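Reader: I work at the bench and would like to learn how to read a structure like this one, beginning with how its helices pack. Could you take me through it step by step?

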Amino acid sequence: MTEILNTLYVTTTGTSLHLDGDALRITHPDRPGRLLLPLVRIDHIVAWNGVTVTADLMHRCAADGRSVTWVTQNGRFLARVSGPQTGNPTLRLAQYRAHEDAEHRLDLARRFVAGKLHNYRQLLLRSARDQKGARQSGLRAIADRHGAALADLKDSTNLTEILGVEGRAARDYFQGLGLLCPGSPPGRTRRPPTDPLNCLLSFGYGMLRVAVHGAIEQVGLDPYIGYLHGVRANKPSLALDLMEELRPLLVDRLVITLINRGQLRPGHTTTLPGGVVELTETGRRFFLEQWSESRSRQWPHAALARSLPAAMIPLTQTRLLARHLRGDSPGYIPWTVT
């Protein structure tokens, strides 16, 4: 038995989604005919801005516990409908108490960052194995600094120090993007992205956020009470916390692979006035196909001593966090690979 269901991504402006019995009906005025998909095969719907979801379909999805998420053309979160909140109120109380306990919050924040740094280091070292000369030595040097950052993280005594360690490591990593993807400029540009690599990273992080937010709601935690990211108005801080350890291998690795293999074509992106780079409709479809395929890839999970498909990792990590908050395990164990 597998818990992996399908996420339906609807990207084409003008598309309408309707309820048709126990199925979802997809129509578009420029495309004759209709497409029916059994609802039982769909766990999430992600609709791009400009896609219409009828009220009866939203009501059915809410009743079934199936989320509907709207995003911008670049994959940035807009809104989400998920029906009545689920979960154990005792678990949420434990989540709030952990946030109010300075030492507990510090420990969780440290673990989220440790998972992120470890996985970035693994990505850098694996990339370096296939290189030679200056590119290889450059990647290994950044990986070494990430190793040193992990040591510094253990000695951090407050949230400011943890954020400082994470921030320096992130700058090191993103300044090395040109080593990971030759021809790409160094540094992270996200609001807005100004090159194809950063455009794909932003889009991929948007898709990861949808998956993590859904996992948090499924387990019954509050997505807006975080530990590393704290409490910020209109920010799902816990989703951002849990995303940290998942970004390097579930998003960055995929994006880097697509670019280095030459799979990203000129027609997949467009440059707007002012230098903003966006995915075209063809580019969005292409990336979502690759993203969906990557979700079935098996990844080792060091803490569980077995492999899991990528689609299950957000839910698995959220459950591990809930287990810790309930007091059933001494500490949260981030997802890492060896």
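**Reading the helices and their neighbours**

Author: H3 and H11 are roughly antiparallel to each other, because their axes cross at an angle over 145 degrees. Please keep in mind throughout that this is a predicted model.

Reader: What are the distance and the angle between the axes of H3 and H11?

Author: In general, two packed helices are described by the angle between their axes and the distance between the axes. Here the axes of H3 and helix H11, which covers residues 313-325, come within 13 Å and cross at roughly 160°, and H3 passes H11 in a right-handed crossing. The contact is made by His104, Leu108 and Phe112 on the H3 side, and by Leu321, His324 and Leu325 on the H11 side.

Reader: Which way do H3 and H4 run relative to each other, roughly parallel or roughly antiparallel?

Author: The axes of H3 (residues 102-129) and H4 (residues 133-154) come within 9 Å and cross at roughly 160°, and the two helices are therefore roughly antiparallel to each other. The crossing of H3 and H4 is left-handed. The residues that make this contact include Val113, Leu117, Leu124 and Leu125 of H3, together with Leu139, Ile142, Ala143, Leu150 and others of H4.

Reader: Why should I look at the spacing of contact residues along a helix?

Author: An α-helix has 3.6 residues a turn, so residues three or four places apart point the same way. With that in mind, you can look again at the H3 side of the contact with H4, where Arg110, Val113, Leu117 and Tyr120 are among the residues involved.

Reader: Alanine 109 is in helix H3; is alanine 109 buried or exposed?

Author: Alanine 109 has 0% relative accessibility and therefore counts as buried, the cut-off being under 20%. Leaving aside its neighbours within four places in sequence, alanine 109 is in contact with Leu159, Ile162, Tyr227 and Leu228. Its C-alpha atom is 11 Å from that of lysine 154, although 45 residues separate alanine 109 and lysine 154 in sequence.

Reader: How would I check the length of a helix such as H9, and what does the check give?

Author: You compare the span expected from the number of residues with the distance between the end C-alpha atoms: at 1.5 Å a residue, the 14 residues of H9 (residues 247-260) should span 20 Å, and the ends are 18 Å apart, which agrees. The helix also bends, by about 30° at arginine 253. Following H9 comes glycine 262, whose phi is positive, near 75°.

Reader: How many residues of H9 are buried?

Author: Of its 14 residues 10 are buried, so H9 is largely enclosed by the rest of the structure. Among the buried residues are Arg247 and Asp252, as well as Leu249, Leu250, Val251, Val255 and Ile256.

Reader: Which residues of H7 meet H9?

Author: In H7 they are Leu197, Leu200, Leu201, Gly204, Tyr205 and Leu208, and these meet Arg247, Leu250, Val251, Asp252, Val255 and Ile259 in H9. The axes of H7 and H9 come within 10 Å and cross at roughly 145°, and the crossing is right-handed.

Reader: What else is alanine 215, in helix H7, in contact with?

Author: Leaving aside its neighbours within four places in sequence, alanine 215 is in contact with Pro314, Leu315 and Thr318. Alanine 215 is buried, with a relative accessible area of 5%. The C-alpha atoms of alanine 215 and isoleucine 313 are separated by 9.4 Å, while the two residues are 98 residues apart along the chain. Threonine 316, which lies in helix H11, also counts as buried, at 11% relative accessibility, and its contacts beyond four places in sequence are His301, Leu304 and Leu308.

Reader: Where does alanine 305 lie, and is alanine 305 buried or exposed?

Author: Alanine 305 lies in the loop between strand E11 (298-301) and strand E12 (306-309), and with a relative accessible area of 71% it is exposed. Its phi is positive, about 60°, although alanine 305 is not a glycine. For another loop residue, take leucine 272, found between strand E9 (269-271) and strand E10 (277-279), which at 32% relative accessibility counts as partly exposed.

Conventions. Residues numbered from 1 in each chain as written. Predicted model: local features only at pLDDT ≥ 70, side-chain atom pairs only at ≥ 80, totals over all residues. Heavy atoms only, no water. Helix = DSSP H or I, 4+ residues; strand = E, 2+ residues; numbered from the N terminus. Expected span 1.5 Å × (residues − 1). Bend = angle between axes of the 7 residues up to and from the residue. Buried < 20%, exposed > 50% of the residue type's maximum accessible area, 1.4 Å probe, protein only. Axes fitted to C-alpha atoms, helices over the stretch in contact; angles between N-to-C directions. Parallel < 35°, antiparallel > 145°, perpendicular 65-115°, else oblique. Left-handed = near helix turned anticlockwise from the far one by under 90°. Contact = heavy atoms within 4.5 Å.
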